[in-house]
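Please examine the sequence and the three-dimensional structure shown below. The paragraphs that follow lead through selected features, one after another.

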Amino acid sequence: MPERTTDGAGESRFVISGLTASVGGKEILRGIDIEIGPGEVHAVMGPNGAGKSTLSHIIMGKPGYEVTGGSVTLDGVDLLAQPTWKRAQAGLFLAMQYPTEVPGVSLVDMLANSALSTTADEDELDRRLKAEADRIGFDHQFLARPLNVDLSGGEKKRNETLQLGVVKPRYAILDELDSGLDIDGLRLVARRVEAATEEDGLGVLVITHYSRLLNELKPDHVHVLAGGRIARSGGPELADELETSGYAEYVEAESRAEATAGGRPSASELDPFADPLA
Amino acid sequence: MNSSFSPDVVASAQYFPARSNRVQAAAAAAEQDLPTAEAEEWRYSPIGELDIGDLRPVLQHPVDSKIQPPAVVSDPAATIVLVDGFVVSTTVAAGWEAKGLRVEVDPGRHSTVDGRAATIFDNLHVAFSPGALIVTVPAGLALDAPIVVVNHHHTVDGASFPHLVIDAGEDSEVQVVEWQTSGPGHGLSVPVVELATAPAARLGFLTVQHTSAHHWLVARQQSQADRQSSLSSGIAYFGGRYARLRTDCRLVGRGASANLTAAYYGDGRQVHDFRTFLHHEARDTRSDMLFKGAQDDVSGSIYTGMIHIHPDGAGSNAFQTNRNIKLSEDAWAWSVPNLEIENNEVHCSHASTVSPIEEDQRFYLHARGVPPKVADRLIVAGFYDEVLNRLPVAPARAEVRKLIAEKLDHRTDSHSATAQAVAQ
């Protein structure tokens, strides 16, 4: 086992440092630095294609990506060297944007076989699942279904939140947990996560397009991810600013940088009628 | 063909009367070569590797063996044990017997296929089958307890030819489970099952095959469904060196329906081979075929499914799906669904896939802390769920689930053994 190091306060830290990665030879993350402590909520916002989901996949170890540099550590232990299930065991949780359907495998089947479960007793698991389901308005009838099969988008997101409540990770990445949820669902789910930050000291990295989720799940820090980089970091006020101004500034900055670097042509090169002074 | 199967052997057999059709069939078989994989209906199969040189037909009642069915069905309506095709015991619950349930042997009934060109295996069956075990459910009788049949192959280097007939009378209801087993040695069985549903009858027949990995099986199932009847045929194939089932199912009465549902799992060098022909010969008939299997090691499977909508089959619905999970690089699966439609007022669909375990499913379970081997096991077991839920004879499903679990245990064990060997 690698030696565990903690900071001076002896506190747990989840640290993404200088992370770069590519897919099929194309560089997609160009240096990500985010550090999260217990109970903290960090939001990563950004336009489509910025690399938000990629970031979540790479942190959890989804196949198909190549990490080219940097590190991801939990309490100083390198997570990138470990297989996905060990990362989960270390205390990392990913609520997926598109939770996969696994036919014939129920929640209880999965959790009874998970290294995260403190019990393999199916009755006990069932009891915990029901208690968590009640907290977020997840219908008990869905608990017996095969994983994510025939669940609506919103039910899938409740199901992810339910599991987070049962396995009690130390750090959770929520990849667009808001998509598919109606307003009531969003509120319940956000409050459940917020409660976990307070009750269990859960650290959260919440990935979203919109600030709606952040009205319920209050971030301590907001990071703008554009073009595979953290273009800006700030406090919660940054989310409000993005809500009014959008991502245009970051997208343009990115395309200028690309053009300078001889990458993608700028908008004016693509569009012969574009305003040359724009 | 070796001389153990010659017409003289049939003529002098003590156990069953040497009727002329038996001798003729043996004579026809003597003129035929064993098929090879060149022939379309044997394509992809290892039939060329069948060594028939040491085989001999089982000609008489074998010693009474102590074969018992798995105790999954409590209070069956009847229990019948066949060894090497010969009925060795029959128990019919008195209550059902009084209501007209009949179980009897007819040595004169052993022909296969309705006049179609007989293969060498068909001819051998006609020549050497001891005759049919016939289960007759009279009109109007609904059995609420299943009938259990054990079909065991006992003789090493023996060839057996069991013949089973289930006749469901008008508006009757019956469920039958057949446990098909064998001793550990080399052997061949060539069973024939005939299923018939009279108008409005409901018949469920489940065959659970787990013969030894040295056993060769060339089976036929012929079924016919009349008006408004429903026929559900479940196929669970886990055993055999080569286990082949040819199904010919005919929907001959208006509104008849057939469900064909199969679960199969091969490992080692096993080959499972399904050739399914489904005929919609009447209006408003419905068929649904769902075949799902897994292949590990260097094993393989073949599925060819032909749905034929005859000119009189207007208003028919026909669905066929075949899905395979390849669990190793060297495993293989052929999947060839076909349609022949001679009437345009029909709904037909077919789907077929051969693929490894889905990476996204693995990732989901890994991300929830399930170790990789356990995750694969859950996914593969879960893959069969859809099929298990459709199999007839519901009380037997748990046993089928158990056989799948045994295959998966074996997989996990042998893979860890390999990993340990590599580590050393």
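What volume does the largest cavity have? In this predicted model, the largest cavity has a volume of about 80 Å³. It is one of four cavities of 30 Å³ or more. Its lining is formed by B:E178, B:Q180, B:P191, B:V193, B:T207, B:A219, B:R220, B:Q221, B:Y237 and B:L245. Two elements of chain B, β9 (173–182) and β13 (215–225), each give two or more residues to this lining. Of these, β13(B) supplies the largest share, namely three residues.

A cavity is closed to the probe, whereas a pocket is open. The largest pocket has a volume of about 400 Å³. Among the 20 residues that line the largest pocket, those closest to its centre are A:P103, B:K292, B:R323, B:Q361 and B:F383. Both chains therefore appear in this list, with A:P103 from chain A and the other four residues from chain B. The elements that give two or more residues to the pocket lining are β7 of chain A and, in chain B, β20 (317–326), β22 (347–355), α6 (372–383) and α7 (385–388).

Strand β7 of chain A, which spans residues 102–106, also holds A:S106. Is A:S106 buried or exposed? With a relative accessible area of 14%, A:S106 is buried, because the limit for a buried residue is under 20%. Apart from its neighbours within four places in sequence, A:S106 is in contact with A:A144, A:R145, A:P146 and A:L147.

Chain A as a whole may now be considered. It has 10 helices and 12 strands. Of its 278 residues, 50% are buried. Its accessible surface comes to about 12600 Å², and carbon and sulfur atoms account for 50% of that surface. Among the contacts in chain A with a separation of 6 or more, 69% join residues that are 24 or more positions apart.

One helix of chain A illustrates how buried and exposed residues can be arranged. In helix α8 of chain A, residues 237–245, the buried residues are A:L238, A:A239 and A:L242. Viewed down the axis of α8(A), these buried residues fall within an arc of 100°, and so they line one face of the helix. An α-helix has 3.6 residues a turn, so residues three or four places apart point the same way. The other side of α8(A) carries the exposed residues A:E237, A:E243 and A:T244. Just after α8(A), A:G246 takes a positive phi of about 75°.

The last topic is the cysteines. How many disulfides does the structure hold over all chains? The structure holds zero disulfides. A disulfide is a covalent bond between the sulfur atoms of two cysteines, and the cut-off applied here is a pair of sulfur atoms within 2.5 Å. The cysteine sulfur closest to that of B:C249 is in B:C348, at 14 Å, which is too far for a bond. The reverse also holds, because the cysteine sulfur closest to that of B:C348 is in B:C249, again at 14 Å. The two residues are also described by their accessibility: B:C249 counts as buried, at 0% relative accessibility, whereas B:C348 counts as partly exposed, at 25%.

Conventions. Residues numbered from 1 in each chain as written. Chains lettered and ligands numbered in written order. Predicted model: local features only at pLDDT ≥ 70, side-chain atom pairs only at ≥ 80, totals over all residues. Heavy atoms only, no water. Buried < 20%, exposed > 50% of the residue type's maximum accessible area, 1.4 Å probe, protein only. Helix = DSSP H or I, 4+ residues; strand = E, 2+ residues; numbered from the N terminus. Contact = heavy atoms within 4.5 Å. Areas by Shrake-Rupley, 256 points an atom, 1.4 Å probe, with all protein chains shown as cover. Arc of directions from axis to C-beta. 1 Å grid on protein atoms, 1.4 Å probe; cavity = no way out; pocket = protein on both sides within 12 Å on 5 of 7 lines; lining within 4 Å. Points joined across faces, edges and corners; volume = space filled by probe spheres on them.
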